[in-house]
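Welcome! Please take a moment to look over the sequence and the model before reading on.

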Amino acid sequence: MPKQEKEVNEKIKTEKQKETKKAKKTVSNETTSKKSTSSKPEKDLKIKKEVVSESKVEKELKKQLSIEAKSHEKRDSLESDPISSKKEFKTLEVIVLVLLTCCISLVVGGALGIRFHNKKGILGNVQVADSEIQQFIKDYNYLVDNYYGDLNKKELLNTAFKSMVDSLEDTYSGSLDGVSNNFNIELDGIYEGLGIEIINDEDDNIIVYDIIPNSPASKIDIQKKDRLITVNDVAVSGMKTSDFIHEVVNSAVDFTIVLERNGERKTVTLKKEKITLQSVISKTIEEDGKKIGYLKIEIFAANTYSQFKQELQKLEKSGMDSLIIDVRDNSGGHLTVVKDMISLFLDSSHVIYQTQTKSNKTKVYSTGKETKKYPIAIIGNSLSASASEVLIGALTEEYDAILVGNQTFGKGTVQELHTLSSGDEYKFTTKKWLTPKGKWVHNDGIKPSVEVTLSKDYYSDPSDKNDNQLQAALDYLKKRR
C-alpha cells in the first residue's frame, strides 16, 4: 500500500475514533443530565426496568391504562383531597404490574387502582387487592368469558356492589327500594303522591287526617275524617297506613278511590303529582292570658329550615310568651338542617350534638348569635326519630326545654347517601351521634319529662281539645312565667 494512501486511511480511522468518543461523551452527558433532574425515587426506576421487557399486548394495555388513569386524575383533582401528579405516576406503574400479574380488565383495574390510592395509600391497598379482590376479579372474568348469553358488565358490577352493602349487618345500611326513594324525594322538599295524610282508627280503618294544600286531593271532594274503602278496586279496610303508602307508591298515576262520609259512599278520581312539601305548620294558642306559639315539624327536609325560620319570626313578632315544638311522627331528615334550626335558639357557646366515628369524636357547636329566653316544650312520641331526637337532645340539655309525650324511637346513627353509575342509590352508616352531654340514644330513645299517651278520642276526632299531649304541654307552659 502506498505511503500516502496509508496516511489517509489512518487519518480517517483517527477521525472516526474522535467521532465515537464524542458521541459517547454526549450520551453520557445526556444520561447524567436526566439522572440529575429526575424526581423519581429508586423504586420507580426499578419498576421501569421491569416493565421494559413487556410484550406488545402488555405495552398496549399500559398505553390504554395510562389514558384511563389520566381521566381519573382529572376527575379526582376536583375532590377535597387532591393528589399530586408525581404520586399518580407512581400509582400507575404499580397498577401496571398488578394488572400484568392478575390479568385484571382495563376499566375495572384502572378505577379500583386510582380509588385505592386516593383513600388508603399505595402499597397497603395493592396488598389488599391481591388478597381480597383478586378472587372476585377472577370469578367475574370467568363468568363474563364463559356465560353463553349476552351480559351487561356495568349491571353486573353495580349489582355486586349493592349486594355488598345489603349484606352489612345494619338496619340503616343498604340499597334503596321504591318506598325509600320516595322518602328521599320528600327529604328534598318534594313529595310525590295524592296529598292526603292518613291515620288508622282503633278498628284499623284508613281515615283521612289532613289534606296537603295545593295537592291533587285538595282539588277534589276529599275531606278530613273520610274513611277510605277501596283504592283502585283494592280494599283498604283493615290495612295499616304503611301498607297503604306502599300501595300508592307502587301503583299507577291514576287513582279511583271509594270513600265513606256520614254513612254515604262516593267515588272520586285523582292523579299522583309532585307536591312542594310544606313541612312546618304554625299557629298561636291564647289561653289564660298567655300567648303560646306552636310549630309542627313534619320532616327535616332540605327546605324545612327556611320555612321554620320564617314561621318562628312571625310568632316572635306577634309577641308570644312561650313555644311548643311538635315532632310527633317525625322520622328525621337532614342533620345539617336540624343543626341550623337548633342554632336559632342557642348561641355559639353551646354544643348541640357530637359525632363519633371509628377514630375520633367531634363536638358540633351552634352557629347562633343569641340564646332565646322564652320557655319551650317539645311534644314527641315513639315515632320521633333521628334528627327529631337531635333537636330534643340539644334543647332539653342546653336550653332547659322539656319533652312531653312518649319515649322517642332511639336512632343514634348517621347515614350517607351515594348513587351508583346506574342511578341506583344506597346508603350506609358512617358515624353515630351523641347528645351535647355525650349520651347515645340508639335503641333507647329519650324519655319524656311529662309522659302522656295520646287519647283514643283523638283518633276519632283529631282536634286540639282531644289532643291530651298538646294540652299537657300547654298546661306546663301556662304555669311558667
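What follows is a short tour of charged pairs and of some backbone angles.

**Salt bridges**

Please keep in mind that this is a predicted model. How many salt bridges does the count come to? The count comes to 20 salt bridges. The table shows some of them, with the distance between the closest N and O atoms.

| Acidic residue | Basic residue | Closest N and O atoms |
|---|---|---|
| Asp 210 | Lys 224 | 3.6 Å |
| Glu 273 | Lys 219 | 3.8 Å |
| Asp 288 | Lys 478 | 3.4 Å |

Let us begin with the salt bridge between Asp 210 and Lys 224. Asp 210 belongs to strand β4, which covers residues 206-211, while Lys 224 sits in the loop between β4 and β5 (227-231), so this pair ties together parts that are 14 residues apart in sequence. Is Lys 224 buried or exposed? Lys 224 is exposed, and its relative accessible area is 51%.

Next comes the pair of Glu 273 and Lys 219, joined by a salt bridge with 3.8 Å between the closest N and O atoms. This pair links distant parts of the chain: Glu 273 is in strand β9 (residues 273-276) and Lys 219 is in the loop between β4 and β5, 54 residues apart. Glu 273 is partly exposed at a relative accessible area of 33%, whereas Lys 219 is exposed at 59%.

Which parts of the chain does the pair of Asp 288 and Lys 478 link? Asp 288 lies in the loop between β10 (280-287) and β11 (290-297), and Lys 478 lies in helix α14 (residues 468-479), with their positions 190 residues apart in the chain. Asp 288 is exposed, having a relative accessible area of 65%.

Salt bridges can also join up into a group. Here, a network of them links Asp 221, Asp 226, Arg 261 and Lys 266.

**Backbone angles**

Now for the backbone. Most residues other than glycine have a negative phi. Against that background, two residues are worth a look.

Asp 204 is not a glycine, yet its phi is positive, at about 65 degrees. Where is Asp 204 placed? Asp 204 is found in the loop between β3 (196-200) and β4. With 24% relative accessibility, Asp 204 counts as partly exposed.

Asn 214, also a residue other than glycine, has a positive phi near 60 degrees. Asn 214 is located in the loop between β4 and β5, and with a relative accessible area of 69%, Asn 214 is exposed.

Key
Residues numbered from 1 in each chain as written. Predicted model: local features only at pLDDT ≥ 70, side-chain atom pairs only at ≥ 80, totals over all residues. Heavy atoms only, no water. Salt bridge = Lys/Arg side-chain N within 4 Å of Asp/Glu carboxyl O. Helix = DSSP H or I, 4+ residues; strand = E, 2+ residues; numbered from the N terminus. Buried < 20%, exposed > 50% of the residue type's maximum accessible area, 1.4 Å probe, protein only.
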